[in-house]
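Me: Please take a close look at the empty space in this model, open and enclosed, and at the residues that line it. I would also like the surrounding chain described, so that the lining can be read in context.

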Amino acid sequence: MVLYIFIKRIKKCILKKKKKLYIIISFKRSCNNNIHFLLYKKRNIACLCAKKYYYSNIDCVIDNPKKRPTLILHEKCVKSVINGFPWLYSKDIKNAEELYIYSPCLVNIKDEYNENIGVGIYNRNSIISSRLLSRNINEHINEEFFNIRIRKAYEKRLELFHNENFFRVVNAESDFLPGIIIDKYNKLVCVQINASGMDILLPVIMKSIENVLNPNIIIIKNDNKIRKLEKLPMKKEIYKGTI
């Protein structure tokens with residue numbers, strides 16, 4: 001009889017412990033679900049903010065230097081960038097996880113001590129995660145910015161190629177326009193965009209090309225293998241005019 005009561009009490013204790021354990025597990029699960037939901041919600045809000053920040057409509061890209069995400073560089077990489085190296089690799093970025101949701105985007109590049117380095121384009125899918133656009137962190141990356149850069153490059157070519165109508169107007173980083181190649185064949189212009197961060201700025205770039213070069217025909221030739229590395233689609237199209 002005593003043994004029977006003892007066994008019964010042990011069973012009750014085990015059942016209580018199991019119940020308590022079940023409650024703890026279910027509580028943890030519900031907490032985790034809530035956390036995952038909040039993270040998912042946070043990501044979606046951030047993505048919506050990023051889209052709202054860069055696009056007001058299809059043909060217009062808005063850039064606000066104060067609202068750009070911040071890219072923080074590891075201290076060992078700062079010197080090479082200040083000395084003129086235009087690329088930042090994924091291993092050079094300290095806060096890559098924070099930037100993940102905004103990619104591709106424009107970023108304010110800073111060091112670990114919050115000192116300004118410049119403005120860049122960021123792409124999480126590429127080994128070259130960021131390319132430097134400007135040393136001035138407060139510079140607006142807009143139509144005027146591309147007008148100035150393309151015009152400077154064009155004027156240099158006109159000095160080199162007198163009375164010539166067939167030449168490369170813009171050669172990517174050489175003209176401080178990473179990922180952009182523009183070739184001129186008289187009144188026909190061929191454009192290549194080989195960087196994801198520049199791809200989102202395509203409407204503005206096209207307006208600047210029309211402003212500076214005034215071509216009759218514009219062809220977008222985005223079939224370079226580099227685009228695959230940037231996780232960009234391969235395509236060719238006539239943007240303006242007919243052939």
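Reply: Helices and strands are here DSSP runs, of at least four residues for a helix (H or I) and at least two for a strand (E), numbered from the N terminus. On that basis the protein chain, which is a predicted model, has seven helices and 12 strands. Of its 243 residues, 40% count as buried, and the accessible surface comes to about 15600 Å², with 58% of that area belonging to carbon and sulfur atoms. Among the contacts in the chain with a separation of 6 or more, 51% are between residues 24 or more positions apart.

The open space comes first. The largest pocket holds about 250 Å³, and 13 residues line it, with Trp87, Ile128, Arg131, Asn194 and Ile226 lying nearest its centre. Two elements, strand S7 (128–134) and helix H7 (226–229), give two or more residues each to this lining. By class, the lining divides into seven nonpolar, three polar and three charged residues. With regard to the domains, at least three lining residues come from domain 1 (70–134) and at least three from domain 2 (143–240).

The enclosed space is next. A search of the whole structure finds one cavity of 30 Å³ or more, and the volume of the largest cavity is about 30 Å³. Its lining includes Ile121, Tyr122 and Asn123, then Ile128, Ser129, Ser130 and Arg131, and further along the chain Ala195, Ser196, Gly197 and Glu230. Strand S6 (116–122), strand S7 and helix H5 (196–199) each supply at least two of these residues, and the largest share, four residues, comes from S7. The lining of the cavity has four nonpolar, five polar and two charged residues, and, as with the pocket, it draws at least three residues from each of domain 1 and domain 2. Ile128 and Arg131 are among the residues nearest the centre of the pocket, and both also line the cavity.

Within the range of domain 2, one residue of helix H4 (residues 143–160) gives a view of the packing, namely Ile150. Its relative accessibility is 1%, so Ile150 counts as buried, the cut-off for that class being under 20%. Apart from its neighbours within four places in sequence, Ile150 is in contact with Val169, Val170, Leu177, Ile182, Ile205, Ser208, Ile209 and Val212. One of these partners, Ser208, is 58 residues from Ile150 in sequence, yet the two C-alpha atoms are 7.6 Å apart in space.

Some details of the backbone complete the picture. Most peptide bonds are trans, and most residues other than glycine have a negative phi. Ser103 and Pro104 are joined by a cis peptide bond with omega about -5°, and Pro104 is placed in the loop between helix H3 (96–99) and strand S5 (105–110). Asn114, in the loop between S5 and S6, has a positive phi near 65°, and because its relative accessibility is 54%, Asn114 counts as exposed. Asn186 also has a positive phi, of about 60°, and lies in the loop between strand S9 (180–185) and strand S10 (188–193). With a relative accessibility of 39%, Asn186 counts as partly exposed.

Notes
Residues numbered from 1 in each chain as written. Predicted model: local features only at pLDDT ≥ 70, side-chain atom pairs only at ≥ 80, totals over all residues. Heavy atoms only, no water. 1 Å grid on protein atoms, 1.4 Å probe; cavity = no way out; pocket = protein on both sides within 12 Å on 5 of 7 lines; lining within 4 Å. Points joined across faces, edges and corners; volume = space filled by probe spheres on them. Nonpolar A, V, L, I, M, F, W, Y, C, P; charged D, E, K, R; others polar. Domains from an automatic or database assignment. Buried < 20%, exposed > 50% of the residue type's maximum accessible area, 1.4 Å probe, protein only. Contact = heavy atoms within 4.5 Å. Areas by Shrake-Rupley, 256 points an atom, 1.4 Å probe, with all protein chains shown as cover.
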